[in-house]
Structures are given as structure tokens and as C-alpha cells.
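Thank you all for coming; today I would like to walk slowly through one structure that may be new to most of you. Please have a look at it first, and then we will go through it together.

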Amino acid sequence: MENSKRGLLIVLSGPSGVGKGTVRKVLFKDPSLNLVYSISMTTRNPRKKEQEGKDYFFVTKEEFEKGIKNEQFLEYAFFVGNYYGTPKNYVERLRNEGKNVFLEIEVEGARQVLEKCKDEDVVSIFLLPPSLEELERRIRGRKSESEEIIQERLMKARREIGLKDRYQYAVMNKNIQKAAKEIAQIIRSRMDK
Ligand code: 5GP
């Protein structure tokens, strides 16, 4: 039977490299959270092991800009040389089916979502790194980006961390399991309302 209650819109934001994806993977192992991942569209090239339609929908700049023109995005941002955006229809459909839709996005996109969706079923969470040194270590650990891009991502991270007070919750990712547990508790407390 279909759930009659509209699902939550969960926005997980935080600097690149903070571990949003890793924490998300832990959360998605818990079926009681009733989560679905909102797959974003991007113009960035796929990294090794990334799959089309699973990690992202990889599109050209022209295709993305057509999406902007046709108002297909709930939010979008230009981040370190590429577009990233959340397709609107998918999010709406799943929330109407009672699913808790999970967005893992950078701060500019999160700002747009929080501005547009002021309903009480929006849950905004900012994931913090234990320190900037640790964040740098994690970004470098990916070994997928040039020094210039790494520096740009780090500079952006410093600015992004300053925006954490815009969110309803801030969680530090010192330990993945602990951070995931804390976020699961937040989601559960909001599901019960
Ligand atoms: P990456 O290139 O590392 O996959 O992503 C770069 C940043 O863009 C990350 O902070 C990621 O969370 C964010 N991002 C991914 N998808 C979206 C999206 O649809 N919209 C926005 N605004 N940011 C996104």
C-alpha cells in the first residue's frame, strides 16, 4: 500500500571531501529510514567507478543549460568549473509516494532549496570535517584532481564551512558510523512528527 504521508526532503550539505557520500551509503543500509537518493545531473566527467544513472546523470553543458531554460531543476549550481543540479520532477514524485528524498548537494544549491521549500518537512543538515587539514587529506586521497582544482575546492570549503548556521543541524564527521548514527536519529525524530 502506498504511504499517504508526503516524504521528507533531506538536504545533506557540506564541503567537497567531507564524506557526504560515505555517510550516505551507511544511512542507505537502513531500510527503516525509507530513503531514496536524488541522482543529480552534472557536466563533470565521470570518475573511475562512477556509473551513469547511479552516481550522476552525466550530460553536456548544452543539455544542462537546456534543463535550466526549461526550469527542470529544483536547484543547480556551478561548482569548480561544472554544473550540478537536482531534477525537480523526480523529487516531487517520490515525496508524493511517501519516500524520504535525500539530496547530497553543495551549499549554493542547498541555499536555493531552503529558500524555495519552506515547508516543515525539509530537514537540512551540514556535515563538518574535524579540521581543514583532515579535509585536505581526504580531497588529496581521491587522487582524481589536479593541484589547481584541489586548491579551488579547499578555498571553497573554507567559505562553505562559514555557512553552517543556515542549517537546522550540524554534524561533525570524525567517525563515519557515528556521524551516520547521528543523522539517522535526526531523520527518525522528524519522521515521527
Ligand atoms: P563532486 O564533483 O565531488 O561529485 O561534487 C562536487 C560538489 O557538488 C559536492 O559538494 C557535491 O555534493 C555537490 N553536488 C552534487 N550534486 C549536486 C547537485 O545536484 N546540486 C548541487 N548544488 N550540488 C551538487
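I will begin with the ligand and its surroundings, and then turn to the two pockets.

Please keep in mind throughout that this is a predicted model.

Let us start with what lies around the ligand. There are 17 residues surrounding it, and the closest of these are Ser40, Arg44, Tyr56, Tyr84 and Glu106. If we sort this shell by class, we find 5 nonpolar, 4 polar and 8 charged residues. As for the secondary structure, strand 5, which runs over 73–79, and strand 6, which runs over 82–87, each supply at least two residues of the shell.

Which side chains have an N or O atom close to a ligand atom, and at what distance? In the side chain of Tyr84, an N or O atom is 2.6 Å from an oxygen atom of the ligand, and a polar side-chain atom of Thr86 lies 3.4 Å from a ligand oxygen. For Glu106, the partner is a nitrogen atom of the ligand, which is 2.7 Å from an N or O atom in that side chain. On its own the ligand has 510 Å² of accessible area, and the protein covers 96% of this.

Where, then, does the ligand sit? The answer is the largest pocket, whose volume is about 1,100 Å³. This pocket is lined by 37 residues, and those closest to its centre are Gly21, Arg24, Arg47, Glu104 and Arg142. Helix 1 (20–27), strand 5, strand 6 and helix 6 (147–161) each supply at least two residues of that lining, with helix 1 giving the most, namely 5 residues. By class, the lining of the largest pocket has 17 charged residues, together with 10 nonpolar and 10 polar ones.

Finally, let me turn to the second largest pocket, which has a volume of about 190 Å³. Of the 13 residues that line this second pocket, Arg44, Asn82, Ser144, Glu145 and Arg153 are the closest to its centre, and the elements that give two or more residues to the lining are strand 6 and helix 6. Here the lining divides into 5 nonpolar, 4 polar and 4 charged residues.

With that I will stop, and I am happy to go back to any part of the model.

Note on methods: Residues are numbered from 1 along each chain as its sequence is written. This is a predicted model: local features need pLDDT of at least 70, side-chain atom pairs count only at pLDDT 80 or more; totals for chains, interfaces and linings use all residues. Side-chain values use heavy atoms; hydrogens and water are left out. A residue is near a molecule or strand if one of its heavy atoms lies within 4 Å of it. A polar contact is a pair of N or O atoms within 3.5 Å; within protein, one must be able to donate a hydrogen and the other to accept it, and residues adjacent in sequence count only if both atoms are side-chain atoms. Accessible areas come from the Shrake-Rupley method with a 1.4 Å probe; for residues, only the protein chains shown count as cover. On a 1 Å grid over the protein atoms alone, a cavity is a set of points where a 1.4 Å probe fits but cannot get out, and a pocket is an open set with protein on both sides within 12 Å along at least five of seven lines; lining residues have an atom within 4 Å of a point. A molecule sits in a cavity or pocket if more than half of its atoms lie within 2 Å of its grid points. Helices (H or I, at least four residues) and strands (E, at least two) are DSSP runs, numbered from the N terminus. Ala, Val, Leu, Ile, Met, Phe, Trp, Tyr, Cys and Pro count as nonpolar, Asp, Glu, Lys and Arg as charged, and the others, Gly among them, as polar. Grid points are joined across faces, edges and corners, and a volume is the space filled by probe spheres set on the points.
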